[in-house]
Amino acid sequence: MQNPSAVYRGNQKFAIDETSIKTPEAGEVQIAVAYCGICGTDMHAYLGHMDGRIGETRVLGHEMSGRISAVGEGVTNVSLGDHVVVRPLDDCGDCPACNAGHSHICHNLKFMGIDTDGALRRYWYSACAPDPSLAQWYEA
């Protein structure tokens with residue numbers, strides 16, 4: 001199975017590379033990416049404004065939707081085949097903001113697709129336990 005990925009290489013350059021496909025770890029799911037938007041943050045990265053943060057080898061993309069294609073051990077809130085969107089914020093769960101219920105302004109917030117590899121690829125991985133970062137969507 002192939003996993004082509006749009007990899008940012010710095011200096012306004014991208015390459016289509018094959019990235020690894022793995023079995024989801026405990027509490028993690030594999031998502032077959034259906035759509036991935038390109039937003040203003042991605043444009044700032046492309047223009048080099050974020051190279052110090054993301055480095056010169058990063059799969060961008062955080063505004064995405066897809067279908068669950070594999071489920072790791074212990075995942076109970078989604079099932080194989082479910083349609084999902086991903087909340088691209090990875091909070092620490094332990095800082096004052098998180099403890100006050102404000103995880104969106106976590107003091108140690110990591111942004112998927114900027115601080116970790118994102119969804120401009122065929123298959124992406126996301127944690128979904130214990131605090132779900134996935135939301136199911138239903139066709140009307």
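How many aromatic pairs does the count come to? The count comes to two, and they turn up in the close-ups below, all taken from a predicted model.

**View 1. Strand β1 sits between β2 and β4 in an open sheet.** Here we have three strands in the order β2-β1-β4, with antiparallel pairing. The edges belong to β2 and β4, each with a single partner strand, so one side of each goes without a neighbour in the sheet. As for β1 (residues 4-8), four of its five residues are buried, so the rest of the structure largely encloses this strand. Keep in mind the usual pattern when looking at side chains: in a regular strand they alternate between the two faces of the sheet.

**View 2. Strands β1 and β2 make a hairpin.** Strand β2 covers residues 14-18 and runs antiparallel to β1, with five bridges joining the two. Two of the residue matches are worth picking out: S5 has D17 as its bridge partner in β2, and A6 has I16. Between the strands there are five residues. Which residue in this hairpin takes a positive phi? That's G10, with a phi near 80°.

**View 3. On the other flank, β1 pairs with β4.** Strand β4 is made of residues 58-59, and its antiparallel pairing with β1 runs over two bridges. Look for Y8 here: standing opposite Y8 is R58 in β4. Y8 also shows up in the next view, as a member of a ring cluster.

**View 4. Y8, F14 and Y46 form an aromatic cluster.** Ring pairs are what link these three residues. A pair of aromatic rings is described by the distance of the centres and the angle of the planes. For F14 and Y46 those values are 6.2 Å centre to centre and 20° between the planes, and the pair is stacked. F14 belongs to strand β2 and Y46 to helix α1 (residues 40-46), so their pair ties together parts that are 32 residues apart in sequence. Are these two rings shut away? Not quite: F14 is partly exposed, at 37% relative accessibility, and Y46 is partly exposed too, with a relative accessible area of 28%.

**View 5. A lysine lies over a tyrosine ring.** The last close-up shows K22 over the face of Y125. The distance to look for is 4.9 Å, taken from the ring centre of Y125.

Note on methods. Residues numbered from 1 in each chain as written. Predicted model: local features only at pLDDT ≥ 70, side-chain atom pairs only at ≥ 80, totals over all residues. Heavy atoms only, no water. Buried < 20%, exposed > 50% of the residue type's maximum accessible area, 1.4 Å probe, protein only. Pairing = 2+ DSSP bridges. Phe/Tyr/Trp six-rings, centres within 6.5 Å; stacked < 30°, edge-to-face > 60°. Lys NZ or Arg CZ within 6 Å of the ring centre and 35° of its normal.
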